[in-house]
Amino acid sequence: MAREACKIADLILIPCRPQAFDLTAVETTAELVKAAGKPAFVMFMGGPQRAPTTYRDARELIEGSEGVEGMGVPVAPVMLTLRAIYHHSTAQGKTAMEVEPEGKAAEEIAALWTWTRERVNLSTSKQGKKKRG
């Protein structure tokens with residue numbers, strides 16, 4: 001099923017926590033998306049808000065560094081960090097943006113949406129929509 005999803009996707013985001021076990025699990029998915037030939041990015045989720053060394057090390061493992069081969073998939077420049085509001089909003093059947101529209105999580109989601117939209121050239125205007133009749 002994942003292979004078929006990769007075939008029809010315009011963009012593939014591979015969610016991953018910046019932790020050892022999660023990072024090694026990305027290898028299989030990275031090979032799958034490379035075979036599909038579609039644009040793909042690893043997106044860090046659920047990691048600490050302030051841990052530059054953790055993110056740097058995770059990025060190097062995925063993208064590679066001097067003398068070390070990576071997984072061949074770039075890391076997205078946006079991430080969704082570990083925030084309590086993601087859990088609280090889900091428990092309420094809502095999104096973080098609905099519960100705290102001016103909060104940090106809402107900023108993260110907005111940044112992810114803007115970045116993703118740019119990758120797939122998706123316009124936000126409603127002009128392109130026509131009425132069916």
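## A salt bridge in helix α1

E4 is partly exposed, its relative accessible area being 46%. In this predicted model, E4 is joined to K7 by a salt bridge between their side chains, with N and O 3.2 Å apart. K7 is partly exposed too, with a relative accessible area of 48%. Both residues belong to helix α1, where 3 residues, or about one turn of the helix, separate K7 from E4.

## The chain as a whole

The protein chain has 6 helices and 4 strands. From one end of the sequence to the other, these elements come in the order α-β-α-β-α-β-β-α-α-α. The chain has 133 residues, of which 32% count as buried. Among contacts in the chain with a separation of 6 or more, 64% are between residues 24 or more positions apart.

## Strands β1 and β2

Strand β1 covers residues 12–16 and pairs with β2 in the parallel sense, over 5 bridges. One residue involved in this pairing is P15, whose bridge partner in β2 is M43. Between the two strands the chain passes through helix α2, residues 20–36, and the resulting β-α-β crossover is right-handed.

Is strand β2 largely enclosed or open to the outside? Strand β2 runs over residues 40–44, and 5 of its 5 residues are buried, so the rest of the structure largely encloses this strand. In a regular strand, side chains alternate between the two faces of the sheet. In β2, A40, V42 and F44 point one way, while F41 and M43 point the other way. The residues pointing in either direction are all buried.

## Helix α2

Helix α2 has 17 residues, and at 1.5 Å a residue it should span 24 Å. The C-alpha atoms at its ends are 25 Å apart, which agrees with that expected span. The helix also has a kink of about 30°, and T28 is at the centre of this kink. Just after α2 comes G37, which takes a positive phi of about 70°.

Which residues of α2 are buried? They are D22, L23, V26, A30, L32 and V33. The buried residues of this helix pack against two other helices, α1 (2–8) and α3 (52–63), and against the strands β1 and β2. Strand β2, one of these packing partners, is the strand described above as largely enclosed by the rest of the structure.

## Other salt bridges

The whole structure contains 6 salt bridges. Side chains of opposite charge can pair when their charged atoms come close. The pair K7 and E4 was described at the start; two further pairs are described here.

E108 and R83 form a salt bridge in which the closest N and O atoms are 2.9 Å apart. E108 is in helix α6 (residues 104–119), whereas R83 is in the loop between β4 (68–69) and α4 (84–91), so this pair ties together parts that are 25 residues apart in sequence. Are the two partners buried or exposed? E108 is buried, with a relative accessible area of 10%, and R83 is buried, with a relative accessible area of 17%.

R56, D57 and E60 are joined into one network by salt bridges that share partners. Within this group, D57 pairs with R56, and their closest N and O atoms are 3.2 Å apart. D57 is partly exposed at a relative accessible area of 39%. R56 also counts as partly exposed, at 44% relative accessibility.

## Two further residues of helix α6

Helix α6, which holds E108, is also where T116 is found. T116 counts as buried, at 15% relative accessibility. Leaving aside residues up to four places away in sequence, T116 touches L11 and L13.

W113 lies in helix α6 as well. Its relative accessible area is 45%, and W113 is therefore partly exposed. Along the chain, W113 and V78 are 35 residues apart, and the distance between their C-alpha atoms is 9.6 Å.

Technical notes
Residues are numbered from 1 along each chain as its sequence is written. This is a predicted model: local features need pLDDT of at least 70, side-chain atom pairs count only at pLDDT 80 or more; totals for chains, interfaces and linings use all residues. Side-chain values use heavy atoms; hydrogens and water are left out. Buried means under 20% relative accessible area, exposed over 50%, partly exposed in between (1.4 Å probe, protein chains only). Two strands pair if DSSP finds at least two bridges between them. A crossover is right-handed if, with the strands pointing away from the viewer, the path from the first strand over the helix to the second runs clockwise. The expected span of a helix is 1.5 Å times one less than its number of residues. The bend at a residue is the angle between axes fitted to the seven residues ending there and the seven starting there. Contact means heavy atoms within 4.5 Å. A salt bridge is a side-chain nitrogen of Lys or Arg within 4 Å of a carboxyl oxygen of Asp or Glu.
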